[in-house]
Amino acid sequence: MQSLDEIRIKIDAVDDKILALLNERMTYVQKVGEIKKNSGGTIYRPERERAIINRLKKLNQGLLDQNAIEAIYQEIFAVSRNLEMPQSIAYFGPEGTYTHQAARSRFGAMSRYIALATIEDVFKELSNKEAKYGVVPIENNTEGAVGITLDCLAKYTELKIFGEIYMDIHHSFVGMNENLKEIKRIYSHPQGYNQCRKFLESHDLNQVEFVPSKSTANAAYLASKDKESAAICSKIAAKLYNVPILFNKIEDNLANRTRFLILSDIKNPQMPNCKTSILARTAHKPGGLSALLEQFKKENINLTKLESRPIKAKGFMHSFYIDFEGHIDDENVKRALKDAEGVMWLGSYLSAEENSLGGDL
């Protein structure tokens, strides 16, 4: 049997090879960046990254599972993009939130992150060219659509949906004191607190004072300063403020999931597995919406989401947020929308529904 030292020597040798190969890869990345710069090509190409990951998953015969391969290569891709051109990403903050984790999962550790106080602030930051990409939540499978994001998509017409991220949302119970009987306060955002009521009841914590916080990240910060308290927050927030995790995954609905949008001013090219989002303001008369939907049916286009949203400036009229399979430049999509009035294109992007990210935040 090999000794521990002998195994470590072999690991070091493998690490040497990995480092050399990564540096070799980055030399090619740098050349690609130069070509894109001269031709005006887009640095971030999600379809190319997806193709690489899918190819590697098929080749894999080792101990790494598919999630591990994707996690490793997402970070490699993020480093590569920053080498081609430094990236700035605005997101709905503060630091340590689930949106922050979603942004980090796609843009890696090297990117510059700008935490902003509101969702509309993210749109403003992109509109003012202070960041190239933005990340905001669009819907949760428990709480429903995020209205302000839908409103901003209609307002900031120069910005488009560049991509999407699906992430499992897991809440943790954290605190400086592991004796639950000594906990006198629980900090959390009200939404996070309400999603963990069964856990609180089963541990006799539902009678403990609940102190609402601005975010789950803020809850972790408050708990780090208060030894008689605990917080319901993300793992990344607990790590950020050095608060020990007492219980993992305490949410009532273990299938709790949030969809995030990546925003930019870039138009994605046509590609397989595309999804398109539009905002439709149909005629205010019987059959106005059904006429549009009939065109989608005629062209065999599958709708994946339909959400109504009031047009605040026009009394009780509504617009409709629609997601469907395909790219805005696909011929059948062009035919479906040819005679449609009041349709605003919000973006065409690589569908992520079959490639969701698990987030222990």
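Helices here are DSSP runs of H or I with at least four residues, strands are E runs of at least two, and both are numbered from the N terminus. This is a predicted model, where local features need pLDDT of at least 70, side-chain atom pairs count only at pLDDT 80 or more, and totals for chains, interfaces and linings use all residues. Residues are numbered from 1 along each chain as its sequence is written, and side-chain values use heavy atoms, with hydrogens and water left out.

**Exercise 1. Find alanine 154 and describe its surroundings.**

Step 1: Start with the element. Alanine 154 sits in helix α6.

Step 2: Check the accessibility. Alanine 154 has a relative accessible area of 18%, so it is buried (buried is under 20%, exposed over 50%, and partly exposed in between, with a 1.4 Å probe and protein chains only).

Step 3: List the contacts, meaning heavy atoms within 4.5 Å. If you skip residues up to four places away in sequence, alanine 154 touches Leu279, Arg281 and Met344.

Step 4: Look across the chain. Serine 319 is 165 residues apart from alanine 154 in sequence, yet their C-alpha atoms are separated by 9.6 Å.

Step 5: Zoom out to the helix. Seven of the nine residues of α6 are buried, so the helix is mostly covered. Those buried residues are Gly147, Thr149, Leu150, Asp151, Cys152, Leu153 and Ala154.

**Exercise 2. Work out which residues touch the most other members of the largest nonpolar core.**

Step 1: Get the term straight. A nonpolar core is a set of buried Ala, Val, Leu, Ile, Met, Phe, Trp, Tyr and Cys residues joined through side-chain atoms within 4.5 Å.

Step 2: Pick out the well-connected members. The largest core has 23 residues, and Phe123, Val136, Leu153, Ile161, Leu261, Leu263 and Tyr321 touch the most other members.

Step 3: See where the core comes from. Two or more residues each come from β2 (112-116), α5 (119-127), β3 (133-140), α6 (147-155), β11 (257-264) and β15 (343-350).

Step 4: Follow one member. Beyond its neighbours within four places in sequence, leucine 263 has contacts that include Phe123, Val136, Leu153 and Ile161.

Step 5: Note the other core. Apart from the largest one lies a core of 16 residues, among them Ala103, Ile165, Ile262 and Ile266.

**Exercise 3. Describe the largest cavity and its lining.**

Step 1: Define the spaces. On a 1 Å grid over the protein atoms alone, a cavity is a set of points where a 1.4 Å probe fits but cannot get out, while a pocket is an open set with protein on both sides within 12 Å along at least five of seven lines; lining residues have an atom within 4 Å of a point. Grid points are joined across faces, edges and corners, and a volume is the space filled by probe spheres set on the points.

Step 2: Count and size. The whole structure has one cavity of 30 Å³ or more, and the largest cavity holds about 210 Å³ of space.

Step 3: Name the lining. It has 15 residues, with Pro46, Arg50, Gln74, Arg106 and Leu350 closest to the centre. Helix α2 brings the largest share, five residues.

Step 4: Sort by class. Six lining residues of this cavity are nonpolar, four polar and five charged (Ala, Val, Leu, Ile, Met, Phe, Trp, Tyr, Cys and Pro count as nonpolar, Asp, Glu, Lys and Arg as charged, and the others, Gly among them, as polar).

**Exercise 4. Set out the volumes and linings of the largest pocket and the second largest pocket.**

Step 1: Take the largest pocket. Its volume is about 650 Å³, and of its 28 lining residues Phe92, Tyr98, Thr99, His189 and Gln191 lie nearest the centre. Strand β3 gives the most to this lining, with three residues.

Step 2: Sort that lining. Eleven residues of the largest pocket's lining are nonpolar, 14 polar and three charged.

Step 3: Move to the second largest pocket. Its volume is about 540 Å³, and 21 residues line it, with Arg25, Arg48, Ile52, Tyr73 and Phe77 nearest the centre.

Step 4: Find the main contributor. Helix α3 gives the most to the second largest pocket's lining, with seven residues.

**Exercise 5. Locate the cis peptide bond.**

Step 1: Name the pair. Glycine 93 and proline 94 are joined by the cis bond, with omega about 10°.

Step 2: Place it. Proline 94 lies in the loop between β1 (88-92) and α4.
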